Amino acid sequence: MASSLILSSPKPSSINPTTFRSHRLSTTFSFNPARNPTFTPLFSLSSATPLKPHSKSVFCCSAKPRTRPEYIPNHIPDPNYVRVFDTTLRDGEQSPGATMTSAEKLVIARQLSRLGVDIIEAGFPASSPDDLDAVRSIAIEVGNNPIGADGHIPVICGLSRCNKRDIDAAWEAVKHAKKPRIHTFIATSEIHMQHKLRKTKEEVVQIASEMVAYARSLGCPDVEFSPEDAGRSDREFLYHILEEVIKAGATTLNIPDTVGYNLPGEFANLIADIKKNTKGIENVIISTHCQNDLGLATANTLGGVSAGARQVEVTINGIGERAGNASLEEVVLTIKCRQDEMGGVYTGINTEHIMMSSKMVQEHSGLIVQPHKAIVGANAFAHESGIHQDGMLKHKETYEIISPEDIGLFRSNEYGIVLGKLSGRHAVKTRLTELGYDISDKEFEDFFKRYKEVAEKKKRVTDEDMEALLSDEIFQPKVIWSLGEIQVTCGTLGLSTATVKLVASDGEEKIPCSVGTGPVDAAYNAIDSIVQVPTVLKEYSMNSVTEGIDAIATTRVVIGGDSSITPKHTSNRETFNRTFSGSGAAMDILVSSVRAYLSALNKMLSFVTVVKATRESSESSKTYHNSEQNSE
């Protein structure tokens, strides 16, 4: 049943809006031509008349790939090209429990480069020494070496607030990339300036322009500026601050709907108003960054593109703070599938890598997408209704507007090779490469050992099995404690008992025994008696990777620590108790559960170690500085 969604300007009652109606989606986009006489949406327009039905295939693969234009920070040679700015590693990682290790971030950054994103926002370098190191390593490796066949090297970007300390940290991290970018921001809405910043409009403008100029003075040729909460900011003030940062050297102006408050028509008009009323706007790129608090992030982003934005800020699977961000796969596939209706705009994304990118982010962030998630959900290409099945059997396009292969959803390889216990290293390594995983020889040997253990118990090892094992064996945090052996006794006759052998990073072994209300509780209690760091288990979930009684089980846990033990993560002068996710995989559900718990514990302990070292270093510096002043 078709839905009807009215996307209107702020004052629809006073205007007869120009409308566009999609014959497939029955969706009306309303824009305000009276306020924006120069604004011509890129959609095909008519007076609410349906467009003619497609005579060609509507599969996305029908859109021909185009050459990516040369990268110039403040100019795109082809006006129809839309840059894709991926912030999975920065905004996406701010999702509760989505903390990723440096190794995991590097793996995802490689995949984003292979996917073809134009800009990778690799992190917030000033937030911690570990984040700075992670962004630096991505800048050095991914920011200088092409991974895809087309030789594309993405821009590597670091986020910073509008202060010199943050900007210095961002530059230190990204300067090693071939194409570095600093992204700096300050709030511009009345509510933020009054209650959070406690600064006047004049002070905010001065800080913004000075800090953009400072970023350029460091030698950074590419500086992006974001007026935080632009969607709720005063328009005239917004034009003014944007003009000033353009004068100061900004190359991209990112317009965020920070709290997901705008409607698509409102956001499109905001972009159009900025384009019309901001002096010097022709010398920069306009970008969008839409949060999903009302479920409108993708619609708002596409509205921004229709109004002239030529950069979209998105995340894989739409992950991010609160309700998340605009989803890369949704925005890119909409542009690709409806390219003609959107005036010919296109991106440089290789959509065949979307599914693998989605799986990687799910594995490493611990954030599993809902089955009905558009494009990448487990049910996105599943058909259970008899009517739908009948149509699919007769002609796939009756119920599929996207070909599964177009996003890299393949169920078997082209050679017909089935992996099992007799498969050798070459076949296994080849399949990992086909799946998009590039690991070292040592990492492969570690993985292959686990693979053989599973293959001995299963007739066939699937792609999903391999991905679960790879995440569990290779892409784990720095090992502080690892599982040696475990034995449990449980049932209805008494308390469950678990004996666990843990191995420390220096090789020391500890073997405690503990009881609990069940085998998992007993095992976790035994581990806690060794680690001796108070934790709270906030989430626990388990899934079967494939069907069958011999399936591998994947477990995900989220833990938090006692606030007196686990430091509070500070960002924008706000504090909150940080959580840590962990995942584990094994054919034994108890082993899977213990591996997941240790993964989360190792993340937490590593974070605590880094924060303590930073504090001690800071205190030492203060002591030294004070002694120097006293000696003077």
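Guide: Two strands pair if DSSP finds at least two bridges between them. Strands (E, at least two residues) and helices (H or I, at least four) are DSSP runs, numbered from the N terminus. This model is predicted, so to speak on trust: local features need pLDDT of at least 70, side-chain atom pairs need 80 or more, and totals for chains, interfaces and linings use all residues. Residues count from 1 along each chain as its sequence is written, and side-chain values use heavy atoms, without hydrogens or water.

Visitor: Let's start with the barrel. In what order do its 8 strands close?

Guide: The pairing in the barrel is parallel. From one strand to the next, the twist averages 25°. Going round, the order is S4-S5-S6-S7-S8-S9-S10-S11.

Visitor: Which residue in S6 does Ile119 stand opposite?

Guide: Look at strand S5, residues 119–123, beside strand S6, residues 155–161. They pair in the parallel sense over 4 bridges. Opposite Ile119 in S6 stands Val155.

Visitor: And which helix packs on the sheet there, touching S6 and strand S7?

Guide: Find residues 164–174, just ahead of S7 at 180–187. This helix touches both strands (contact means heavy atoms within 4.5 Å). Its direction makes about 165° with that of S6 (angles run from 0 to 180 degrees between N-to-C directions, with axes fitted to C-alpha atoms, for helices over the stretch in contact). The helix is H3.

Visitor: How do H1 and H10 run, roughly parallel or roughly antiparallel?

Guide: The axes of H1 (residues 102–115) and H10 (residues 354–365) come within 10 Å and cross at roughly 165°. Angles under 35 degrees count as roughly parallel, over 145 as roughly antiparallel, 65 to 115 as roughly perpendicular and the rest as oblique. That crossing therefore makes H1 and H10 roughly antiparallel.

Visitor: Which residues of H1 make that contact?

Guide: On the H10 side, the contact involves Ile354, Met356, Ser357, Met360, Val361 and His364. On the H1 side, it is made by Glu104, Val107, Ile108, Gln111 and Leu115.

Visitor: Now the hairpins. Which residue in the turn between S12 and S13 has a positive phi?

Guide: S12 (residues 481–489) and S13 (residues 496–504) are antiparallel, with 8 bridges, and Trp481 has Ala504 as its bridge partner in S13. Their hairpin leaves 6 residues between the strands. The positive phi, about 155°, belongs to Gly491.

Visitor: How many residues lie between the strands in the hairpin of S13 and S14?

Guide: S13 and S14 (residues 509–510) run antiparallel, joined by 2 bridges, with Val503 opposite Glu509. Gly507 takes a positive phi near 95° in this hairpin. The number of residues between the strands is 4.

Visitor: Which residue in S15 does Ala498 stand opposite?

Guide: S13 also runs antiparallel to S15, residues 513–516, and 4 bridges join them. In S15, the residue opposite Ala498 is Ser514.

Visitor: Which strands stand at the edges of the open sheet?

Guide: This sheet has 3 strands in the order S16-S17-S20, paired antiparallel, and its twist averages 15° from one strand to the next. Each edge strand has a single partner, so one of its sides has no neighbour in the sheet. Those strands are S16 (535–544) and S20 (579–586).

Visitor: In S20, which residue is the bridge partner of Ile559?

Guide: S17, residues 553–561, is joined to S20 by 8 bridges, and the two run antiparallel. Helix H14 (residues 463–473) packs on this sheet, touching S17 and S20, with its direction at about 125° to that of S20. The bridge partner of Ile559 is Phe580.
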